[in-house]
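Here are some exercises to work through with the model open on your screen. Try each task on your own before you read its solution.

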Amino acid sequence: MRQIKKEVYEEIQKDLPKIEQAMSSRNGSWNLWTKLKSKYPILLPGIMAHVRQSAKVSSVGLEADFRPELTQLKEAILAYLIVHPVEEESNEKIENKASEQLSQSTSESADEIVNKKIEESKVYIRDNDSDKKQIALEKIWDGFERLKTVYGEDKKKSVKELISVVSKGSTKTEELLNNEFKELTTIGNTFQIRHFENGKTSIHSNAQKEYLYFRMLSLISYCLNEMK
């Protein structure tokens, strides 16, 4: 299987945030789309076959809206990352020794959103910028919340079934996982990960962000692997 080289991965790290920022306004989307549609057939051959460009109509004072194409491209990039390993050199900006987890194979969920949240979070955690690592935490916690509903919209019932399935009949494992789910849910609600109101605990360093990230990645990876 083709491996994604470090230099290509670094370009993805630069471009995914640009695509996210472009979602706030149609203006500028054409310029970004023009650059990326020329770039990615070279970086990731075949990827543009999964992106469909529609006819555009411009309005007075407004550019044609290419945000749908940018969204498709982002989804295609994330899907590509799911099935292609990344060179280990891409982990060099992570101090936490658990960074090897990023290169380990994790079973895919039947839920595509969970898979893409995981891959998107990896793009951001591999950056040495503190703000990008913060985004990685938000993405991986979003994946966690989505995982909680893998067995239905009733989150409590779904989590109970999920833990039962991945515990494989061990009451000790079930107790351990139940506590871990509760602890990480509490962390997500009390620290500045998904909520930033006054009173939420700030995360003071990149080391702490990486610790929380890999703790969450370990739990999600374990669940996905054991669900198979």
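**Exercise 1. A pair within one helix**

Task: Find out how the side chains of K122 and E119 meet, and whether these two residues are buried or exposed.

Solution. Please keep in mind that this is a predicted model.
- Step 1: Look at the contact itself. The side chains of K122 and E119 form a salt bridge, with 3.7 Å from N to O. A nitrogen to oxygen distance within 4 Å is what a salt bridge requires.
- Step 2: Place the pair. Both K122 and E119 belong to helix 4, and they sit 3 residues apart, about one turn of the helix. An α-helix has 3.6 residues a turn, so residues three or four places apart point the same way.
- Step 3: Check accessibility, with buried meaning under 20% relative accessible area. K122 has 5% relative accessibility and therefore counts as buried. E119, at 11%, counts as buried too.

**Exercise 2. A pair across the chain**

Task: Work out which parts of the chain are linked by E75 and K116.

Solution.
- Step 1: The side chains of E75 and K116 meet in a salt bridge of 2.8 Å, N to O.
- Step 2: E75 lies in helix 3 and K116 in helix 4, 41 residues apart, and the pair links distant parts of the chain.
- Step 3: Now compare the partners' surroundings. K116 counts as buried because its relative accessibility is 16%, while E75 is partly exposed, with a relative accessible area of 31%.

**Exercise 3. A network of charges**

Task: Start from the salt bridge of K14 and E11, then find which residues are linked in a network with them.

Solution.
- Step 1: The side chains of K14 and E11 meet at 3.3 Å, N to O, in a salt bridge.
- Step 2: K14 and E11 are 3 residues apart in helix 1, which means that about one helical turn separates them.
- Step 3: E11 is partly exposed, and its relative accessible area is 22%.
- Step 4: Follow the charges outward. Salt bridges link E11, K14, D15, K18 and K39 in a network. For the whole structure, the count of salt bridges is 22.
- Step 5: E11 has another neighbour to check. L43, found in helix 2, is in contact with R2, V8 and E11, leaving aside residues within four places in sequence. L43 counts as buried, at 16% relative accessibility.

**Exercise 4. The two sides of a helix**

Task: Sort residues of helix 7 into buried and exposed, and say why the buried ones lie on the same side.

Solution.
- Step 1: Begin with the helix as a whole. Helix 7 has 20 residues and spans 28 Å from its first C-alpha to its last, close to the 28 Å expected at 1.5 Å a residue.
- Step 2: List the buried residues of helix 7: L177, E180, F181, L184, I187 and G188. They cover an arc of only 130 degrees around the axis, so they fall on the same side of helix 7.
- Step 3: Turn to the other side of helix 7, where T171, K172 and K182 are exposed.
- Step 4: Find the packing partners. The buried residues of helix 7 pack against helix 5, helix 6 and helix 8.
- Step 5: View this packing from W141. Not counting residues up to four places away in sequence, W141 touches L184, I187, G188, I193, R194, L212 and M216.

**Exercise 5. Aromatic pairs**

Task: Classify the ring pairs F144 with F181 and Y213 with F214.

Solution.
- Step 1: A pair of aromatic rings is described by the distance of the centres and the angle of the planes. The structure holds 2 aromatic pairs.
- Step 2: For F144 and F181, the centres are 5.3 Å apart and the planes stand at 45 degrees, so this pair is tilted. F144 is in helix 5 and F181 in helix 7, so the pair ties together parts 37 residues apart in sequence. Both F144 and F181 are buried.
- Step 3: For Y213 and F214, the centres are 5.2 Å apart and the planes are at 90 degrees, so this pair is edge-to-face. Y213 and F214 are both buried.

**Exercise 6. The nonpolar core**

Task: Find which helix gives the largest share of the largest nonpolar core.

Solution.
- Step 1: The largest nonpolar core has 58 residues, and those with the most contacts inside it include W141 and Y213.
- Step 2: Among the helices that each supply at least two residues of this core are helix 1, helix 5, helix 7 and helix 8.
- Step 3: Helix 8 gives the largest share of this core, 9 residues.

Key: Residues numbered from 1 in each chain as written. Predicted model: local features only at pLDDT ≥ 70, side-chain atom pairs only at ≥ 80, totals over all residues. Heavy atoms only, no water. Core = buried A, V, L, I, M, F, W, Y, C linked by side-chain atoms within 4.5 Å. Buried < 20%, exposed > 50% of the residue type's maximum accessible area, 1.4 Å probe, protein only. Helix = DSSP H or I, 4+ residues; strand = E, 2+ residues; numbered from the N terminus. Contact = heavy atoms within 4.5 Å. Expected span 1.5 Å × (residues − 1). Arc of directions from axis to C-beta. Phe/Tyr/Trp six-rings, centres within 6.5 Å; stacked < 30°, edge-to-face > 60°.
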